[in-house]
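Reader: I'm new to reading protein models, and I'd love a close look at one part of this one. Could you walk me through the charged side chains that pair up, and then show me what lies around them?

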Amino acid sequence: MRRVDRPPPPGPPVAFVTPLGRLTGKGSGTRGSLWRRVAGFALPDLRPSARGLGTETLEELEDRLLAADFGVEAALRLVDRVEALQRRGRLRGPEALRNALRDEVARILLPVASAEGAPAASATEAAFGLREPAQGIAVYLMVGVNGVGKTTSAGKLAHVLAARGRKVLLAAADTYRAGAISQLRVWADRTGADFVAGQPGGDPAAVAFDAIDAARARGVDVAIVDTAGRLHTRTGLMDELAKVRRVIARKLPGAPHETLIVLDATVGQNALAQVRVFRDAVNPSGILLAKMDSSARGGIVVALGQEFGLPVKLVGVGEGPGDLEPFDANAFLEGVFGSPA
């Protein structure tokens with residue numbers, strides 16, 4: 001089945017803001033930059049003197065970075081970089097400090113944004129950084145702990161893909177929570193997506209298996225498999241999730257084409273512990289950072305980049321169906337540090 005771009009389904013037009021419009025404030029007169037909230041650590045009042053930054057000021061910089069969720073490893077790396085530049089006499093004035101931090105954060109984010117500027121194999125990859133095969137079905141597996149907004153994120157992803165002409169199937173492999181099945185069914189109805197679900201309490205891997213069969217039979221472009229939220233401390237449940245991934249891989253070679261771990265941007269450094277455990281179980285290919293509009297500490301993007309180098313593919317920026325956007329490292333840097341001098 002060759003992939004073709006279909007026209008959007010009939011219905012009211014979907015209003016798309018320019019990429020990262022909500023995050024940068026462009027395209028919206030009422031919503032300011034979400035990333036700019038990260039600058040709450042207030043760099044302008046950390047002013048190097050002719051001799052540079054004193055010990056107390058460096059400690060204060062570290063504290064502010066930590067408070068903005070940059071994480072211990074990234075905060076120490078940034079402070080070390082500032083100190084190194086200071087020793088070489090290259091840190092004079094607040095602008096030099098801001099540029100030094102901006103440049104080092106850009107280096108941290110390089111693996112996170114590695115796909116930017118690279119040739120895209122498809123329209124979906126170009127728009128959202130999500131891999132899909134040259135032909136056949138793309139399968140995206142959604143994983144994460146309880147309460148991070150995984151089912152809602154799956155629905156939003158279905159919405160934005162359907163609006164771009166993709167025929168989407170949503171699979172409710174969260175068989176433990178009846179509410180999750182009905183919630184995903186509502187999203188399927190809302191977005192015009194096909195829908196597959198199993199019996200409450202049934203085998204999640206069987207739902208994923210059936211979803212691929214249904215996707216083939218119905219000429220679907222993208223199958224999004226929603227899984228049950230599970231505490232990363234529950235080994236048995238993590239093993240079950242690994243089984244779901246294995247079944248998908250056996251059923252469709254090359255799948256899942258993306259395993260997206262959904263993280264709640266408001267939980268801070270706990271997100272790092274979640275990634276560590278899910279990495280061992282299902283080896284996520286990327287991060288979907290949900291609820292970014294509810295957090296004033298978007299430095300978690302830097303903490304994730306420093307520790308894992310795992311791409312942040314998508315960012316949830318609101319409660320609406322279309323409030324899901326690709327992560328843009330340049331927009332992040334501009335929002336936090338301003339334009340380069």
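Author: Here's a walk through the salt bridges, followed by a few other spots along the chain. Keep in mind that this is a predicted model.

Let's begin with the general idea: side chains of opposite charge can pair when their charged atoms come close. Searching the whole structure turns up 14 salt bridges. Which residues are linked in a network of salt bridges? They are Arg77, Arg81, Glu104 and Arg107.

Zoom in on Glu104 and you'll find its side chain meeting that of Arg77 in a salt bridge, with 2.8 Å from N to O. This pair ties together distant parts of the chain, since Glu104 belongs to helix H4 (residues 94-109) and Arg77 to helix H3 (residues 72-87), 27 residues apart. Glu104 also forms a salt bridge with Arg81, and here the closest N and O atoms are 3.7 Å apart. Once again the link runs between distant parts of the chain, from Glu104 in helix H4 to Arg81 in helix H3, 23 residues apart.

So is Glu104 buried or exposed? Its relative accessibility is 8%, and because buried means under 20%, Glu104 counts as buried. Its partners come out another way: Arg77 has 28% relative accessibility, so it counts as partly exposed. Arg81 has a relative accessible area of 25%, which means that Arg81 is partly exposed too.

Now hop to another salt bridge, the one between Arg131 and Glu258, where the closest N and O atoms are 3.3 Å apart. Where do these two sit in the chain? Arg131 is in the loop between helix H5 (123-128) and strand S1 (138-143), while Glu258 is in strand S5 (residues 258-264). That puts them 127 residues apart, so this pair links distant parts of the chain as well. Glu258 is buried because its relative accessible area is 0%. Arg131, on the other hand, has a relative accessible area of 42%, so Arg131 is partly exposed.

Want something without charges? Leu66, Val72 and Leu76 make up a nonpolar patch on the surface, and together they have about 230 Å² of accessible area. You can find Leu66 in helix H2 (residues 55-67). With 33% relative accessibility, Leu66 counts as partly exposed.

Next, look at how some helices pass each other. The axes of helix H6 (residues 150-163) and helix H7 (residues 178-191) come within 9 Å, crossing at roughly 15 degrees. Angles under 35 degrees count as roughly parallel, and H6 and H7 are therefore roughly parallel to each other. Their crossing is right-handed.

Then there's helix H8 (residues 204-218), which packs with helix H9 (residues 235-251) at an angle of about 25 degrees, their axes being 8 Å apart. That angle makes H8 roughly parallel to H9. H8 passes H9 in a right-handed crossing.

One last stop is Val148, in the loop between S1 and H6. Val148 has a relative accessible area of 3%, so it is buried. Trace the chain from there and you'll find Gly229 81 residues apart from Val148, yet the C-alpha atoms of these two are separated by 8.1 Å.

Note on methods: Residues are numbered from 1 along each chain as its sequence is written. This is a predicted model: local features need pLDDT of at least 70, side-chain atom pairs count only at pLDDT 80 or more; totals for chains, interfaces and linings use all residues. Side-chain values use heavy atoms; hydrogens and water are left out. Patches are made of residues with over 30% relative accessible area and no salt bridge: like charges are joined within 9 Å, nonpolar side chains (Val, Leu, Ile, Met, Phe, Trp, Tyr) within 5 Å. Accessible areas come from the Shrake-Rupley method with a 1.4 Å probe; for residues, only the protein chains shown count as cover. A salt bridge is a side-chain nitrogen of Lys or Arg within 4 Å of a carboxyl oxygen of Asp or Glu. Helices (H or I, at least four residues) and strands (E, at least two) are DSSP runs, numbered from the N terminus. Buried means under 20% relative accessible area, exposed over 50%, partly exposed in between (1.4 Å probe, protein chains only). Axes are lines fitted to C-alpha atoms, for helices over the stretch in contact, and angles run from 0 to 180 degrees between N-to-C directions. Angles under 35 degrees count as roughly parallel, over 145 as roughly antiparallel, 65 to 115 as roughly perpendicular and the rest as oblique. A crossing is left-handed if the near helix is turned anticlockwise from the far one by less than a right angle, and right-handed if clockwise.
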